[in-house]
Amino acid sequence: MRYNRFLIRHLGIYYMLIASLLFAGTGALSKILSSELSSIEIVFFRNIIGLGLIIWMIYKKPLHQAGGKFWLLAFRGIIGTIGLYAFFYNIAHIDLATAFTFSKTSPIFTALLAAFIFKERLSYLGWFAIFIGFIGILFIIEPTLGVSKDEYIGLLSGIGAALAYTSIRGLRKHYDTRAIVLSFMLCGSAIPLLSMIIGSFYYRPDLDFLISPFIMPSLASWAMVILMGLLATGFQIYLTKAYAASKKAGVVAAVGYSDVVFSMIFGLILGDSLPSAWAFLGIVMIIGAGILVARER
């Protein structure tokens, strides 16, 4: 009986650990697929599966909403897709753990946006967390060695996610949650499709993170694409369950950083090398800053 009570009380944490494992698994499959497919094509397949699911959900239960914020809704979809472009491009070109860590900078940028756009007051601890987070970013990119295109794009994944999350605050009073997800999935399917159409007629290797031709996946890749879609869907389900089952969202958000650890394990299995001492310290600092921001907010 005591074990059952303990399990129920910490159910949100267990759900978040499962969600983090599924998310890291999605990244690992994406890295495997990147040897054959472009990151843009991976974004397309990842979203088209989710688009089918959300359309089915809306068909089963039609939307009821006030609306009226179309351009903000479109902005959320476009900027979220740009963030995904950056995230999956990073997965293809740098080690998994660092790619996931760059995406985990989003709470730091979200806190900054909330302070400057929504005029929310940050405590001294909140500003300290932001400072620590940016020092961690510097340790990862090691600017004295020269900042590469991959690292710029890595930061874009965090900034894009932060802008997307911030826009949700202005949308949730006007739109059903499924409509917000639908805008993201629609843009996340249409924009990569346009990128691949352009890439079929005009392709430049230095713009491979924006345009790339479509490549027909092999039979094995099709299986991994479907599995990636299932894992991504499972991630969304358990992420929702985690926040629904927990009374302390900050604790669950902090546990969400475990996907960096899982991604590091998967990365080592796939042949990634361990991060340098400075990069590892940067990863720890960014995770710590994100946890502090989550506790504050």
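Before I start, one definition: when I say that two residues meet, or are in contact, I mean that they have heavy atoms within 4.5 Å. Please also keep in mind throughout that what we are looking at is a predicted model.

Let me begin with the chain as a whole. It has 13 helices and zero strands, and of its 297 residues, 48% count as buried. If we take the contacts in the chain with a separation of 6 or more, then 84% of them come from residues that stand 24 or more positions apart.

I would like to go through the helix packing now, starting with helix 4, which covers residues 70-93, and helix 9, which covers residues 177-201. The axes of these two helices are 8 Å apart, and the angle at which they pack is about 55°. Why do we call this pair oblique? Angles of 35 to 65 degrees fall outside the ranges for roughly parallel, roughly antiparallel and roughly perpendicular, and helix 4 and helix 9 are therefore oblique to each other. As for the handedness, helix 4 and helix 9 cross in a right-handed way.

Which residues make this contact? On the side of helix 4 we find L73, A74, R76, G77, I78, G80, T81, L84 and Y85, and they meet A179, I180, S183, F184, C187, G188, I191, P192 and S195 on the side of helix 9. Sorted by class, the residues in this contact of helix 4 with helix 9 comprise 11 nonpolar, six polar and one charged.

Staying with helix 4, we can turn to its packing against helix 5, which is made of residues 96-103. Here the axes are again given as 8 Å apart, and the angle is about 160°. An angle over 145 degrees counts as roughly antiparallel, and helix 4 and helix 5 are therefore described with that term. The crossing of helix 4 with helix 5 is right-handed, and the residues that make the contact are F87, N90 and I91 from helix 4, together with L96, A99, F100, F102 and S103 from helix 5. In this contact of helix 4 with helix 5 there are six nonpolar residues, two polar ones and no charged ones.

A further partner of helix 4 is helix 2, and the axes of helix 2 and helix 4 come within 8 Å of each other and cross at roughly 60°. Helix 2 passes helix 4 in a right-handed crossing, with F23, G27, S30 and K31 contributed by helix 2, and F87, F88, I91 and A92 contributed by helix 4. The class count for the contact of helix 2 with helix 4 is five nonpolar, two polar and one charged.

If you were listening for the phenylalanines, you may recognise some of them in the next point, which is that F23, F87, F88, F100 and F235 form one aromatic cluster.

That brings me to the aromatic pairs, of which the structure holds 12. One of them is Y15 with Y238, a tilted pair with 5.7 Å from centre to centre and 55° between the planes. This pair links distant parts of the chain, since Y15 sits in helix 2 (residues 11-33) and Y238 in helix 10 (residues 219-245), 223 residues apart. Y238 has a relative accessibility of 27%, so it counts as partly exposed. Another pair is F70 with W71, which is edge-to-face, with 5.1 Å from centre to centre and 75° between the planes. Is F70 buried or exposed? At a relative accessible area of 52%, F70 is exposed, and W71, at 69%, counts as exposed as well.

Let me return to Y238 for its surroundings. Not counting residues up to four places away in sequence, Y238 touches Y15, I18, A19 and L22. Its C-alpha atom is 8.9 Å from that of S20, although Y238 and S20 are 218 residues apart in sequence.

My last residue is S20 itself, which lies in helix 2. S20 counts as buried, because its relative accessibility is 1%. Leaving aside neighbours within four places in sequence, S20 is in contact with V255, G256, S258, D259 and F262. For V255 in particular, the C-alpha atoms of S20 and V255 are separated by 8.4 Å, while the two residues are 235 residues apart along the chain.

Definitions and conventions:
Residues numbered from 1 in each chain as written. Predicted model: local features only at pLDDT ≥ 70, side-chain atom pairs only at ≥ 80, totals over all residues. Heavy atoms only, no water. Axes fitted to C-alpha atoms, helices over the stretch in contact; angles between N-to-C directions. Helix = DSSP H or I, 4+ residues; strand = E, 2+ residues; numbered from the N terminus. Parallel < 35°, antiparallel > 145°, perpendicular 65-115°, else oblique. Left-handed = near helix turned anticlockwise from the far one by under 90°. Nonpolar A, V, L, I, M, F, W, Y, C, P; charged D, E, K, R; others polar. Phe/Tyr/Trp six-rings, centres within 6.5 Å; stacked < 30°, edge-to-face > 60°. Buried < 20%, exposed > 50% of the residue type's maximum accessible area, 1.4 Å probe, protein only.
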